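Visitor: I should like to learn how the meeting of two chains is read. May we take one case together?
Guide: Certainly; let us place it before us.

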Amino acid sequence: MAQPQRRPDSSSLAEVLDRILDKGVVIDVWARVSVVGIELLTIEARVVVASVDTFLHYAEEIAKIEQATAEGDLEELEELEVEPRPESSPQSATE
Amino acid sequence: MTSNRYVYGIVDGDPVEFETDAVAGADQVYTISHRRLGAVVSDIDTTDPEETDEDAQRHDDVLREIMDERERAIVPMQFGMSFESDRTLKNVLRGARPAFRRAMNDIEGRIELGLKIVREEDADVDDEAIEAAVDDELEPIAAQSVPNDLFSDRLVLNRSYLVDREDREAFDEAVARLEGDEAHDHEDLTFRYTGPFAPYSFVDVEIGAQR
């Protein structure tokens, strides 16, 4: 026997208005009418999370950095992030 | 001759074109593209269209035609996004391409469904238990969900769900199971199950111009 199903109602104007007037992509009037010399600014709130795995991985990386900072273990972080570069040495600066 | 363009949403790939009752009396919907991204538009003679129930319905009807009849993904615009010209429109398509791409990835192959559960006046129901039962049934099927405003104290639950097209039947069945569940005093509860909508609640993009 087929499972009972409930078909959603697609005819409610109120439900449409709730969404169409309040949600969806919004573009500022200046971006819609200006032709030259405008720089666009985009603000995105990611509603859809990529996946739980990605999030957990990200959270783990943040936790590592926080832990290193809290323990004053900054050497390790510096090693990770700062490569000694010859052009920033005092010698080249005085040349 | 009108050169302003009213935009319904953004598609990827082949242009969309058809005749219909469009916003502000237009009868032709077509696509203005920049590379692979296309804005689905109709002609209009203002950049500040009046907000009427009829035109809001037409805006939604155009999105539905694209989603349901053509089974295409479309990133929906809020009502009223009318552009000065093809040039200003292409400028935004170019400048905000990464944001449109990401939104497209989020919603491709998916639809939005809405569920409101309303209790009878003076009914004594266990909101938390109902919410937990709904979450157990629907969250595993939905790709994502967001809460909506509980604008009335009779609203027990108000959520939008983003559902893969292929999971739509399973979702319908799960809603039917919830509604038939005697454990939750279903006599006192009304289920309002609505949609499918374009995924309005799952694209949150604002594009502005630096002045």
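Visitor: How many residues of chain B are in contact with chain A, and how many of chain A are on the other side?
Guide: One begins by counting the residues on each side. In this predicted model, 64 residues of chain B are in contact with 42 residues of chain A.

Visitor: What area is buried between chain B and chain A?
Guide: The area buried between the two chains is about 5,200 Å², and carbon and sulfur atoms give 55% of that area. On the side of chain B, Gln78(B), Ile207(B) and Gln210(B) lose the most area to chain A, together 12% of what that side buries.

Visitor: How many salt bridges does the rule find across the interface?
Guide: Here one looks for a side-chain nitrogen of Lys or Arg within 4 Å of a carboxyl oxygen of Asp or Glu. The rule finds six salt bridges between chain B and chain A. In one salt bridge, Lys116(B) meets Glu15(A) at 2.5 Å, N to O.

Visitor: Which helix of chain B gives the most to the side that touches chain A?
Guide: That is helix H5 of chain B, residues 168–180, with eight residues. By kind, the residues of this side of chain B divide into 26 nonpolar, 18 polar and 20 charged.

Visitor: In which sense do strand S2 of chain A and strand S11 of chain B pair?
Guide: Strand S2 of chain A (residues 39–44) and strand S11 of chain B (residues 205–210) pair in the antiparallel sense, over six bridges. Within this pairing, Ile43(A) stands opposite Glu206(B) in S11(B).

Methods
Residues are numbered from 1 along each chain as its sequence is written. Chains are lettered from A and ligands numbered from 1 in the order in which they are written. This is a predicted model: local features need pLDDT of at least 70, side-chain atom pairs count only at pLDDT 80 or more; totals for chains, interfaces and linings use all residues. Side-chain values use heavy atoms; hydrogens and water are left out. Contact means heavy atoms within 4.5 Å. Buried area is the accessible area (1.4 Å probe) that two parts lose on being put together, summed over both. Helices (H or I, at least four residues) and strands (E, at least two) are DSSP runs, numbered from the N terminus. Ala, Val, Leu, Ile, Met, Phe, Trp, Tyr, Cys and Pro count as nonpolar, Asp, Glu, Lys and Arg as charged, and the others, Gly among them, as polar. Two strands pair if DSSP finds at least two bridges between them.
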